[in-house]
Amino acid sequence: MSDSQPTPRPAPPDPVPGLDHQARTGADPEAPVPLAGESRPETAPDQVPDPPSQEDQGLDDEEDEGEFPAATEVLDQLSALGLTSAEIDVGEMRVTGQNATGHGATAIGSINNFTVAGTESTIWCQHLSATVVRDLDYGYAPAASDDRLDQLLKRSHLVCLGGRPGTGRYTAACLALARRHAADRVAVLSAGQLAELVRRERLLRSGFGYLLQLDPSQLPVDGMTRVGLAARMQTLGSSLVLIADFGRQSQDLAGELVAHQSAQALEVFRRQLAHRLRGRCLAGCRDCDGTCRSDYVAGECLGQPALRAYLAGAPRPAEVVRLVEAIAQSVPQGPALARLLSRQLPEQLRQRAQEILEPAEPETTPAGPGDGDYLRAFRLSCAVLAGQSIADITDAARRLLGGSGPEQPQVGSALRRPDLERLLGLPLRQAVTLEDPDLRPGARTLRFNPESGQLPASMLDVAWREWAIPDRLLHWFAELVRTASPGVRQAAAGAVGWAAGRDAEGAVQLVRDLAGERRPGVRQAAGIALVAMALQPSLQRRIRLELDSLATDGSAYQRDTIARAYALGLGRLWPEAALGHLGQVARARMQRRNNSVVRALVEIYQSGKADLVVSALVGWAGSGDREVRLHAARALRALAERWAEPPRAHWPELLDLVRSGTVRMSDVATLWAVALSLPETAYRSWRTLGYWLNRADGWPEVADSCVELLTATITDRPLRRRLDHQVRHVWRPIMQRNELLFRVSRLTNED
C-alpha cells in the first residue's frame, strides 16, 4: 500500500482525555461497555485493590474538570500583576503603563501681572509674551480638535474647551488664541466669580485672546453669565476660551463647546523631545544640522521596547512631558536610558493608579453604596477581579468594606451605564473595556486593555502602601478565594501571591490554610498563589522550602495542592524538583480521585522536558508502591494521546521523540507494558494502542516503529495472550483491511 494513499480508516475511538476519571474500585472505570468481542482483563491476585485507608474515608469531592485553567492562562493572568519570570516562557510579553508626553505644560516665561482687588475676590490677568507662545508652539503636537476650535473662534467670541487636566487643553487654547489674534496678544485670566469679569471696567483690553481655567467649584457655568461674557468680548473685539471638564453640562453647551482631543502620545513625545533638544549637538558634529538629534529621538529612544509599549498605552500629554523632561536633562543612551526608563515608567504608572484610587477632584457616585470609600473599594476590586463580571466586582467591593456579600442586594446587576461610568471615573474607564453581552447588566465583564495591563498591580501597590491596611487586604483576598465563582477564586489567588512580595509570612501562612481545604477549587487557588509567589525571585528559596515541607509532612489535601501548582505553571520553573515532589504526592491514595499529578507531568513534558519526564516515569514504573506505578501508567495514557506537529502529524509524539533520539524506545516500551497490564488503565490503553496501529497503516516508517515498540513491550505471556485477544476479537473486526495487523499477530506466537 503506497504512502500517498493510505487505507481509509474507521473513526477514532472515543476521545481519550488522557486523564483518567479515578476508579472508586479496582476495576477499570473508563469504559463500562467493552467493545464487541472484548472481555475485561481479569485482575491478577497481586493486583487486587488495596482496602481503603483512613485517608480515603469520606472523600467525595469531585474533580473540577471544567474550571482547571491551562498553565499558559494562569501565567498570562499573573503577568497583569507584574509577576513574570524570564525562566518561564509565557508568550510575548508587554511592558505597558500610563505615561506622559506632551503639550499640557504650564507656560513659563515673561509674564506681566495685572491684579485688581475687590471686596469679595481677586481678578488677575497674565499677558504672555510672544516668546512664550512661540516656545509652546515649537513643542506642540497638533490635536484633532484644533480645526474645530479655530472655526468656532471665528464665529463666536466665547468658546468652551472641554477636556481633562493634563491633556494639553491649555496649550491648545493658547495657540488657537494666538492664531486668532497674535502671538503677543494672549492672556490668562483668573477670577473667583465669573460675573465680576462682566462688571469690571478697564481690566480687559481690546483685540486680545483670553483663556480662563475654571475650578470644579465654578461649574456649571450659568447661561446668563456666558451671555454677559460673550457680549463683553464682542464689545472689545476680543475672544475668551473657558477651559474645564464640563462633564454633564456638555449638553447645555451645544454650539459653544469643543471637546479637546489630544494628539497621539508617540507624536507628542517626538515633538516635545525634539523641542527640548533644539540647538544642542549630541554627537560632536562639525556642522551640526540636527541629524544627530533626529537619530537620538527615532533610534535611541523609540528603539526602546518599554518606551514604545508605554506610549502605546495612550498616556496623557502632561505625563509624557514629565518623561521627556527627565530624558532631556541628561540625554542618556543605551543602558543608561534603559535604567532611566525603568525608574520613570513605574513612577508614572503609580501616579496614574493613585489618581484612580484617590482622585484629587470630588466625584459623584451612584446612590446606595456611593460614598468615597465604596468608590475606592469598587475600583480596587476592578484591579483584582479584571475579567470578571460587574456583579462579582460589586460584591467584592462590599466585602472589602465589611459587608456580608452575597446575601446583600446585588447592586451590580442593577447598575446602568451612567452609574458604572461614574463609579469607574474617566482615568480607569479609559484603561478598561466593558464587554456588554445581551444579558442582565451585572453580567457585563470588565477587562483592562492590553496597553494598560500593568495598571492593576500599581493600583494594588498604592492601596497596600498608602491605605495602611495590609492585614485587611490579605483577609479580603482570602475571603474572595473561598467564594463560589471559579474566576473570582483564581483572580484573588493571584493577588495573594502578589501580596507575598510585601508580607511573605502572612501570605505563606494563608496559602498553607487554603491548601488544606476540602474544596478542590480552593486548593486550586492555593496552587495559583504558589505559582505567583515563585515568580518573584526574592521568594523562590522560601517557596522551595515550603514545597519540600508540604510534600513530606503535609496533609493529603496539601500534597494535592503541590501537584496542582506544578500543573498550573510551576513545573516549568522547577521541573527537576517537580518530578521529585510529584513522586511523593503520587503515593497518596487520595490521588486515585484526582488528576493533579498527571496534569503536572503532562505540563512539564510539553514545556520541553520530555526526556526528564519519561526517565522519571520509568523509575515510577519499577516502584514497589502500587500507587506510583499506577500514576506512571496513567501518565503514559495521557502522553500516548499526543501527536507530532505537522508535517509529521501522522506520528505518535512519543514515537517521533524516539525517532529524534530524545527518548529511548526501551523506556517507552516499559511504560506501555505497565499501562497495558494494570486493570485501572488496561482497557483504554489497549484502545489507544489500537488507534496507533490504525493510523500507522499506510505509513511504513510509522508502522515499523510501532512493530519495534510492540516487540519491546510484549515480553511476557500474559501480555502476549492479551495482544492475541485484541488482534482476533477487537482490532481485526474493526480494521479488516489493516495490513499492519498481520505483522503484529506474529508477536503472539510463543515459539
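P647 is placed in the loop between helix 26 (626-640) and helix 27 (653-660), and the peptide bond leading into P647 from P646 is cis, with omega near 10 degrees. The model is a predicted one. Its protein chain holds 32 helices and nine strands, and 54% of the 751 residues count as buried. Among contacts in the protein chain with a separation of 6 or more, 75% are between residues 24 or more positions apart.

**Backbone in loops**

- The cis bond from P646 to P647, with omega near 10 degrees, belongs to a stretch in which P647 sits in the loop between helix 26 and helix 27.
- V331 is not a glycine, yet has a positive phi of about 45 degrees. V331 is found in the loop between helix 10 and helix 11.
- The relative accessibility of V331 is 13%, so V331 counts as buried.
- A468, also not a glycine, has a positive phi of about 60 degrees. A468 is in the loop that runs between helix 16 (455-466) and helix 17.
- The relative accessibility of A468 is 62%, so A468 counts as exposed.
- A314 takes a positive phi of about 55 degrees, at a position just after helix 9.

**Aromatic pairs**

- A pair of aromatic rings is described by the distance of the centres and the angle of the planes.
- With ring centres required to lie within 6.5 Å, the count comes to seven aromatic pairs.
- One of these is the pair of W672 and W692, which is edge-to-face, at 5.2 Å centre to centre and with 75 degrees between the planes.
- That pair links distant parts of the chain: W672 belongs to helix 28 (residues 665-677) and W692 to helix 29 (residues 679-696), 20 residues apart. Both W672 and W692 are buried.
- W686 and W731 make a tilted pair, with 6.2 Å centre to centre and 50 degrees between the planes.
- This second pair also links distant parts of the chain, with W686 in helix 29 and W731 in helix 31 (residues 717-734), 45 residues apart. W686 and W731 are both buried.

**Charges over rings**

- R695 lies over the face of W643, at 3.9 Å from the ring centre.
- R732 has its charged end over the ring of F742, 4.4 Å from the centre of that ring.

**Helix 19**

- Helix 19 (residues 504-515) has twelve residues, which at 1.5 Å a residue should span 16 Å; the end C-alpha atoms are 16 Å apart, so the two values agree. The expected span is 1.5 Å times one less than the number of residues.
- The buried residues in helix 19 include A507, V508, L510, V511, L514 and A515.
- Viewed down the axis of helix 19, the buried residues fall within an arc of 160 degrees, so they line one face of the helix.
- An α-helix has 3.6 residues a turn, so residues three or four places apart point the same way.
- The buried residues of helix 19 pack against helix 17 (470-481), helix 18 (486-499), helix 20 (520-534), helix 21 (540-553) and helix 22 (556-573).

**Helix 9**

- In helix 9 (residues 305-312), the buried residues include L307, A309, Y310 and L311.
- The cover over the buried residues of helix 9 includes helix 7 (265-276), helix 8 (291-301), helix 10 (317-330) and helix 11 (335-357).
- Helix 10 and helix 11 also flank the loop that holds V331.

**Strands 4, 5 and 6**

- Strand 5 (residues 209-213) is mostly covered, with four of its five residues buried.
- Strand 4 (residues 186-191) pairs with strand 5 in the parallel sense, over four bridges. V188 stands opposite L211 of strand 5.
- Strand 5 also pairs with strand 6 (residues 239-244) in the parallel sense, over five bridges. Here L240 in strand 6 is the bridge partner of Y210.
- In a regular strand the side chains alternate between the two faces of the sheet.

Terms used: Residues are numbered from 1 along each chain as its sequence is written. This is a predicted model: local features need pLDDT of at least 70, side-chain atom pairs count only at pLDDT 80 or more; totals for chains, interfaces and linings use all residues. Side-chain values use heavy atoms; hydrogens and water are left out. Rings of Phe, Tyr and Trp (its six-membered ring) pair if their centres lie within 6.5 Å; planes under 30 degrees apart count as stacked, over 60 as edge-to-face and the rest as tilted. Helices (H or I, at least four residues) and strands (E, at least two) are DSSP runs, numbered from the N terminus. Buried means under 20% relative accessible area, exposed over 50%, partly exposed in between (1.4 Å probe, protein chains only). A charge sits over a ring if NZ of Lys or CZ of Arg is within 6 Å of the ring centre and within 35 degrees of the ring normal. The arc is that of the directions from the helix axis to the C-beta atoms. Contact means heavy atoms within 4.5 Å. Two strands pair if DSSP finds at least two bridges between them.
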